[in-house]
Amino acid sequence: MSVFTNASSSSPEEIAGYVQAVLGLVGGREPIEILRTTADALAAVPGRFGPAIETPEAPGKWSANLVLQHLADSELVFGWRIRLVLAHDRPTLTGYDQDRWADRLHYADADPLDAIERFAVLRRSNLRLLERATPADLARVAVHSERGEESLAHILRLYAGHDVLHLRQLDRVHTAVTSSARS
């Protein structure tokens with residue numbers, strides 16, 4: 001199992017490994033800069049994939065469309081978490097099962113263009129809040145139900161790494177589905 005697997009059944013050690021791996025994807029880059037560029041990268045996905053946007057990279061894996069739906073919903077969760085941290089003292093942040101969301105919210109039947117639009121609108125709104133955040137705001141802490149205490153600055157880095165992770169996943173899916181189409 002990859003360190004980037006974030007299953008709802010993960011142990012505390014696996015969760016900690018996932019968090020460190022995702023944070024490592026940010027490297028020395030400014031998280032806010034990563035967050036600013038993701039919407040444009042996602043807007044290019046339908047043109048890159050064409051009809052293959054619905055094709056998973058392998059059996060049991062996600063298609064580009066499922067990744068887009070996940071990113072749109074993840075951005076909704078990110079916005080909710082930002083607002084909780086900024087407005088409340090030590091709020092609880094609940095985790096969620098991304099695979100259950102994909103299944104129960106019918107990601108496979110959803111329009112990828114809607115997901116891209118939803119992501120872009122939510123990201124703009126979330127960036128407005130983050131760009132106005134003071135150092136004191138970034139130091140505010142929430143308590144994640146699976147990961148414990150996290151500052152807003154930490155959450156910001158985690159979501160930037162999450163963007164990088166899924167953009168790389170989209171590249172990998174593209175390579176897999178275009179390679180198999182040529183075969």
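This dialogue discusses the nonpolar cores and aromatic pairs of a predicted model.

Colleague: Which conventions apply here?

Modeller: The model is predicted, so local features need pLDDT of at least 70 and side-chain atom pairs count only at pLDDT 80 or more, while totals for chains, interfaces and linings use all residues. Residues are numbered from 1 along each chain as its sequence is written, and side-chain values use heavy atoms, with hydrogens and water left out.

Colleague: What is a nonpolar core, and which residues of the largest one touch the most other members?

Modeller: In soluble globular proteins, nonpolar side chains tend to be buried together. A core is a set of buried Ala, Val, Leu, Ile, Met, Phe, Trp, Tyr and Cys residues joined through side-chain atoms within 4.5 Å; buried means under 20% relative accessible area, exposed over 50%, and partly exposed in between (1.4 Å probe, protein chains only). Here the largest core has 27 residues, of which Val-19, Leu-35, Phe-78, Leu-130, Ile-155 and Tyr-159 touch the most other members.

Colleague: How many residues are in the other core?

Modeller: That core, apart from the largest, has 22 residues, including Trp-62 and Tyr-107.

Colleague: How many aromatic pairs are there?

Modeller: Rings of Phe, Tyr and Trp (its six-membered ring) pair if their centres lie within 6.5 Å; planes under 30 degrees apart count as stacked, over 60 as edge-to-face and the rest as tilted. The structure holds 2 such pairs. Phe-78 and Tyr-159 are stacked, at 4.0 Å centre to centre and 15° between the planes. Phe-78 is buried at 0% relative accessibility, and Tyr-159 is buried at 6%. Tyr-96 and Trp-101 have ring centres 4.3 Å apart and planes at 40°, so this pair is tilted.
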